[in-house]
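Dear colleague,

Please find the structure below. A short account of what was found in it follows.

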Amino acid sequence: MTLVNDAAPAAVRSDGRKFRAYTAKHLDELTARAGLPSGQRLAIQAVATVLPFRTNSYVVEELIDWSAAPDDPIYRLVFPQEDMLPAEDVARIADLLRRKAPRTEVEMAAHAVRMKLNPHPAGQLQLNIPTFHDQPMPGVQHKYRETLLFFPKQGQTCHAYCTYCFRWAQFVGEPDLKMAADDVEQLQRYLLAHPEVTSVLFTGGDAMIMGESVLRRYIEPLLALDQIESIRIGTKSLAYWPQKFVTDPDADDMLRLFSEVVKAGKNLAFMAHFTHPRELEPPVVQEASRRIQDTGAIIRTQAPLIRTINDASEVWETMWRQQLRLGMVPYYLFVERDTGPQDYFAVPLAQAYEIFRNAYKNVSGLCRTVRGPSMSATPGKVCVDGVVEVFGEKVFALHFIQARDPELVGKPFFAKYDPAAVWLDDLKPAFADRFPFETSIPVPADG
Ligand SMILES: *Cc1c(COP(=O)(O)O)cnc(C)c1O
């Protein structure tokens with residue numbers, strides 16, 4: 001009997017336990033399931049030559065409400081939409097696909113469209129990559145004094161891709177846009193030379209795409225470093241593949257690794273990306289969340305505010321309340337970054353602030369650990385505190401939650417009210433001729 005089961009992958013799949021990815025080659029079948037006509041399906045395939053598409057059996061079978069597709073928020077979270085890109089670009093690529101043009105021709109057209117989409121926002125490539133002994137360290141970003149971001153080479157994909165992903169350029173085969181590192185010893189040496197770093201944040205992609213043995217190779221060397229107070233893992237796995245912590249073959253080993261971090265006296269911060277309350281509903285998510293917290297890890301939650309997916313205060317209120325019940329700590333509500341199909345997903349700052357406040361005012365103080373709306377911009381993380389009238393002038397009140405220049409953190413500043421502004425560089429200073437960050441932008445000291 002055991003042998004029969006082992007030889008029957010279909011049976012294993014049918015209980016949803018085995019990870020199965022869906023890529024662009026499944027797109028037509030899936031968009032047909034959403035009831036879309038063939039012309040629209042071709043346009044969506046054209047968009048998917050420019051922007052990455054990947055989902056999986058759990059998202060498709062457990063999270064999406066197909067009776068509501070294509071308007072369902074979880075459907076919109078993972079499936080490209082034909083109006084995400086300029087109509088003439090979509091039409092040109094759709095025409096190439098219809099004519100069955102050679103792959104290289106399609107790829108060249110897609111590449112040209114990508115280059116118009118600000119693939120690396122916030123000076124990520126030029127400003128944040130540190131050098132060590134005069135060598136740049138690819139796959140490492142050191143923007144804020146105390147926190148180092150590390151992009152492990154094996155963590156550069158996700159269990160599914162979000163349509164609004166700000167790191168989309170990494171997933172579409174643009175080789176010179178990739179950021180990834182695999183040199184653990186160099187990381188360790190850099191940290192020893194930078195005792196001001198107390199937190200290492202593993203990100204990607206998704207750090208939880210890695211198996212336990214690979215992740216262990218990155219994490220174990222950090223446990224011996226006394227300066228490290230916290231290890232963070234940026235991940236959407238709890239939403240997209242909670243089986244990772246429940247039924248995957250290395251689930252128990254992974255949880256043991258988490259316990260070891262906690263036993264070594266470090267805070268293991270599991271930075272969970274949840275976009276919509278539906279992602280918290282399946283029992284397997286709640287089971288995974290409980291198992292992670294049983295290791296002593298703290299789950300903190302964050303997501304961007306996205307037009308047509310979660311741009312209503314009730315969505316955030318419901319999400320924070322449910323996260324609180326599950327023992328999670330709401331952390332950030334982000335403003336969608338100025339990259340990719342930003343025009344499509346952007347919510348103006350004034351509206352983002354209203355959505356945030358209308359949710360925030362209704363929840364208990366325990367949920368008010370959340371901060372936002374926060375823009376991860378070139379000089380730092382800027383929070384929109386509100387819209388106020390000062391001596392008859394309507395302005396945005398803002399402050400830095402994080403800044404390249406630590407002196408700016410926590411200091412209020414003002415910008416002229418503009419109902420259409422969607423990002424920091426749309427704003428003009430109020431009561432001053434420049435913003436506090438416009439005097440100078442110091443680049444972090446390097447090795
Ligand atoms: C958000 C972010 C961090 C972490 O900042 P916290 O405010 O400590 O959560 C670190 N590095 C970069 C580049 C970031 O964008």
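Helices (H or I, at least four residues) and strands (E, at least two) are DSSP runs, numbered from the N terminus. Proline 70 lies in the loop between helix 5 (57-63) and helix 6 (73-78), and the peptide bond leading to it from alanine 69 is cis, with omega near 5 degrees.

This is a predicted model, in which local features need pLDDT of at least 70 and side-chain atom pairs count only at pLDDT 80 or more, while totals for chains, interfaces and linings use all residues. Residues are numbered from 1 along each chain as its sequence is written, and side-chain values use heavy atoms, with hydrogens and water left out.

A second cis peptide bond runs from glycine 204 to glycine 205, with omega near 20 degrees. Glycine 205 belongs to the loop between strand 7 (199-202) and helix 11.

In helix 8, the residues Val106, Ala109, Ala110, Val113 and Arg114 are buried (buried means under 20% relative accessible area, exposed over 50%, partly exposed in between, with a 1.4 Å probe and protein chains only). Seen down the axis of helix 8, these residues fall within an arc of 140 degrees, so they line one face of the helix; the arc is that of the directions from the helix axis to the C-beta atoms. The face turned away from the buried side of helix 8 carries the exposed residues Thr104 and Met108.

In the loop between helix 8 and helix 9 (124-127) sits asparagine 118. Its phi is near 45 degrees, a positive value in a residue other than glycine. Asparagine 118 counts as partly exposed because its relative accessibility is 34%.

With kind regards
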